[in-house]
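This briefing describes the fold of a single structure, topic by topic. Please keep the sequence and the coordinates in view while reading.

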Amino acid sequence: MVEENILQAQAFMPHWKRIVDENPAVLEKIHWRSGSNGIQIISHTQERPMNGGIFIKQPKNKTYQYIKEKIRGILSGDLSALNVKGQKEAEHKLQAKFIQDLLNPFDKGVAVNFLQNILGADDLIFGGSEVVLQEQDPSSIFNKKKIIDVVAVSYQKIYIIEMKTLDNYQDNPVTQGNEYVNYYGSDNVKSAFCRIVSCYCGKDIPSDMPMELVILKGYKSDKIPCVTQNNPMTFAF
């Protein structure tokens, strides 16, 4: 399943690049991910935060025109087909806004620019949302369900972004985030992880690129956050 997800992503990536080249404005509202049911289109608007839909099965066998026609309504701005919702709408709104800023080619906003400066990242770019590599076979190396909120990439590092609302005192983002880094940073899993992140961000990610956990508590594009912890880097908005 993991290998198939990666192959799907590799097949869909050039089609998506062509779509964006023809209409860069699509990045204001949508992105994509590869999963067990095919390619899914995801909204990162505040009206439909992280809502998904429109599965494109076996993209390696589909033409560009077929894919474009399949999502024609979405490309024209109608996101009503993206109606599969998650259970954490407040956190999804934070994720959606952060992703929207990362994908903005002109102005990533005050918050992302500040994060880039503090992290020493030349240019943070989007590397995937709710990334998960899992097999049902318990003997597989991909035997854990670890879902990363957002992946961001610079020229130097892969950033595992764990996002929480400011009033979430139940979940421990440090524990969760470290589990993700340990799992996806392990020798056997990291190669596959870097291959699929490469598809999402559109640049080659070597398997030896360092990985770092970053925690965002709350998120506002126009606000400079407080650094509340250095290891891992934790920002509160």
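**Pairing of S1 and S2**

In this predicted model, strands S1 and S2 (residues 38–44) run antiparallel and are joined by six bridges. One such pairing places His31 opposite its bridge partner in S2, Ile42. The points below proceed from this sheet to the helices, the core and the chain as a whole.

**The three-stranded sheet**

- The sheet is open and contains three strands in the order S1-S2-S3, with antiparallel pairing.
- Strand S1 (30–35) and strand S3 (49–56) are the edge strands; each has a single partner strand, so one side of each lacks a neighbour in the sheet.
- On average, neighbouring strands of this sheet are turned by 30° against each other, direction ignored.
- Helix H4 (residues 89–102) packs on the sheet and touches S1, S2 and S3. The direction of H4 makes about 75° with that of S3.
- As a general point, strands of a sheet pair through backbone hydrogen bonds, in either a parallel or an antiparallel manner.

**Helix H5 and its surroundings**

- Helix H5 spans residues 109–119, and its buried residues are Gly109, Ala111, Val112, Phe114, Leu115, Gln116 and Leu119.
- The cover over these buried residues includes H4, strand S6 (158–164), strand S7 (211–217) and strand S9 (233–236).
- Gly120, located just after H5, adopts a positive phi of about 70°.

**The largest nonpolar core**

- The largest nonpolar core holds 75 residues, of which Phe98, Phe193 and Leu216 touch the most other members.
- Helix H7 (residues 187–201) supplies the largest share of this core, nine residues.
- When neighbours within four places in sequence are left aside, the contacts of Leu216 are Phe98, Leu115, Ile161, Glu162, Met163, Lys164, Phe235 and Phe237.
- In soluble globular proteins, nonpolar side chains generally tend to be buried together.

**The chain as a whole**

- The protein chain comprises seven helices and nine strands.
- Its radius of gyration is 17 Å, which agrees with the value near 18 Å for a compact globule with 237 residues.
- The C-alpha trace of the protein chain spans about 50 × 45 × 35 Å along its principal axes.
- Buried residues make up 51% of the 237 residues of the protein chain.
- Among contacts between residues at least 6 apart in sequence, 62% join residues at least 24 apart.
- The protein chain exposes about 11400 Å², and carbon and sulfur atoms supply 48% of that area.

Methods
Residues are numbered from 1 along each chain as its sequence is written. This is a predicted model: local features need pLDDT of at least 70, side-chain atom pairs count only at pLDDT 80 or more; totals for chains, interfaces and linings use all residues. Side-chain values use heavy atoms; hydrogens and water are left out. Two strands pair if DSSP finds at least two bridges between them. Helices (H or I, at least four residues) and strands (E, at least two) are DSSP runs, numbered from the N terminus. Axes are lines fitted to C-alpha atoms, for helices over the stretch in contact, and angles run from 0 to 180 degrees between N-to-C directions. Contact means heavy atoms within 4.5 Å. Buried means under 20% relative accessible area, exposed over 50%, partly exposed in between (1.4 Å probe, protein chains only). A nonpolar core is a set of buried Ala, Val, Leu, Ile, Met, Phe, Trp, Tyr and Cys residues joined through side-chain atoms within 4.5 Å. The radius of gyration is taken over C-alpha atoms; the globule rule is 2.2 Å times the number of residues to the power 0.38. Accessible areas come from the Shrake-Rupley method with a 1.4 Å probe; for residues, only the protein chains shown count as cover.
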